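Q: Please take a close look at one part of this structure, chain A, in a single connected account. A reader new to the structure should be able to follow how the pieces of this chain are arranged and how they meet.

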Amino acid sequence: MQMTLAINGQQHDVDVPAASLLVEVLRDTLALTGTHIGCDTSQCGACNVLVDGRAVKACTMLAAQAQGMAITTIEGLGTPEALHPMQQAFREAHGLQCGFCTPGMVMAGMEMVRKHGTRLTPELVTHELEGNLCRCTGYINIVKAIVAGAAAMEGAAHA
Amino acid sequence: MRDFALHRPANVADAAAAFMGEGGEAAYVAGGHTLIPAMKSRLRMPDALVDLGRVGLSGITSADGRLWIGAMTTHADVAAGATAIPGLASLAGMIGDAQVRNRGTIGGSLANNDPAADYPAVALALDAVIETDRGSHAADDFFQGMFATALADGELITRVGFAIPQQSAYAKFRHPASRYAIVGVYVARHAAGWRVAVTGAGPGVFRWAEAEAALAAGADTAALAMPADDLNSDIHASADYRAHLCGVMLKQAIASLN
């Protein structure tokens, strides 16, 4: 099936089976491997991407359903040289250990800023983070990172 | 996931035509947050999917004492927008997690009628009218047991009208991983009387007549005991445990009526 996907501001024409999940096209067809597959059962949130600004689990959406929508993956946020403030906050707060869940966690943070603005409380972040699993950190530093990352986005061009 | 033919119609009539035109098994996909996992595990293997993402049908309006919600409205949008019925908005905000709520839809949830889903409880307690491309159904007749509804093959929900109650609230004891209700109780006070709906506990959503009568009589609901005989029993909770939870959730819902 021919489809065109708008990913990180760029149009991609792909020819994939109709049954292809968004995360499969991102990773396998387009080599955008920053989006991870943790559970593949809509639980863990490692595959979070933004679709028209909203965080969704890319393992539970057909690529075909994302046609005509603006998709943002972790590759579209920052670069290794110039991290997005939300990514920088994860680095500074040590909001990761193995890093596998991190792309989804960063995207979850972006979703919280979209919904609630840049002044987040740890309680709100903890509640909003229930769709993201981490098996290393115990979440404490992830919550700190998202609170700090959101604050750093205040007034920034990234917000 | 096994491959399938995919239709992406732009309106309800074309969606129904695409569904009915399929020779094999066809399925509508709304938010896909039940269907896609079921297809991945091959519990469902439709030959064709009709994606409803382009047909419209989302939005919230108020008319004739009812709050009307388009079938494709996401849980997130109901949580944020159903301010006329705080209990309904609160219920929508308890479904799944933030990402699930961004994709899952009210129409999809009602059509699926999972015995542990949240929306069937509020639809029953708020005497909902479920409109389709072919007519309408009263909630009292719509839910027909586990994953069964009054919908005919290919019949498509277009919008749902909830009677705006004087007061209502939902209390849910959720499974910590799936976030479905182990037991959820929705209590609503209407001008015409009380309605209490229970989800998660039995093989399908049901009204708790004894609780409704007790509330109508102003009697003490703490004395109510849900019989465990017909309730679900599984690795998560025994029937007796669920029966007890019905009373606890009823108490919590009554305490948070608004």
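A: The account below goes from the whole chain to its domains, then to one pair of helices, and finally to the partner chain.

This is a predicted model, in which local features need pLDDT of at least 70 and side-chain atom pairs count only at pLDDT 80 or more, while totals for chains, interfaces and linings use all residues. Residues are numbered from 1 along each chain as its sequence is written, and chains are lettered from A and ligands numbered from 1 in the order in which they are written.

Chain A contains 5 helices and 5 strands (DSSP runs numbered from the N terminus: H or I of at least four residues, E of at least two). Read from the N terminus, the order of these elements is β-β-α-β-β-β-α-α-α-α. The radius of gyration of chain A, taken over C-alpha atoms, is 15 Å, close to the 15 Å that the globule rule gives for 159 residues, so the chain is as compact as a globular protein of that length (the rule is 2.2 Å times the number of residues to the power 0.38). Along the principal axes, the C-alpha atoms of chain A fill a box of roughly 45 × 30 × 25 Å.

Within chain A, domain 1 covers residues 2-76 and domain 2 covers residues 85-153, with bounds from an automatic or database domain assignment. The centres of these two domains of chain A, taken over C-alpha atoms, are separated by 21 Å. Their contact involves 16 residues of domain 1 of chain A and 13 residues of domain 2 of chain A (two residues are in contact if their C-beta atoms, placed from the backbone, lie within 7 Å). On the domain 1 side, the elements that give two or more residues are strand E3 (48-51) and strand E4 (54-57) of chain A. E3(A) supplies the largest share of that side, 3 residues. By class, the side of domain 1 of chain A that touches domain 2 of chain A has 7 nonpolar, 8 polar and 1 charged residues (Ala, Val, Leu, Ile, Met, Phe, Trp, Tyr, Cys and Pro count as nonpolar, Asp, Glu, Lys and Arg as charged, and the others, Gly among them, as polar).

Attention now turns to a pair of helices. Helix H3 (residues 102-116) and helix H5 (residues 140-153) of chain A pack at an angle of about 50 degrees, with axes 10 Å apart. That angle makes H3(A) oblique to H5(A) (under 35 degrees is roughly parallel, over 145 roughly antiparallel, 65 to 115 roughly perpendicular, and the rest oblique). Where these helices meet, H3(A) contributes A:Met105, A:Gly109, A:Met112 and A:Val113, and H5(A) contributes A:Ile142, A:Ile146, A:Gly149, A:Ala150 and A:Met153. This contact of H3(A) with H5(A) comprises 7 nonpolar, 2 polar and no charged residues.

Chain A also meets a partner. In that contact, 23 residues of chain A face 20 residues of chain B. On the chain B side, strand E1 (5-7), helix H2 (35-40) and helix H5 (98-103) of chain B give two or more residues. H5(B) has the largest share of this side, with 5 residues. The side of chain B that touches chain A divides into 9 nonpolar, 5 polar and 6 charged residues.

Definitions and conventions:
Axes are lines fitted to C-alpha atoms, for helices over the stretch in contact, and angles run from 0 to 180 degrees between N-to-C directions.
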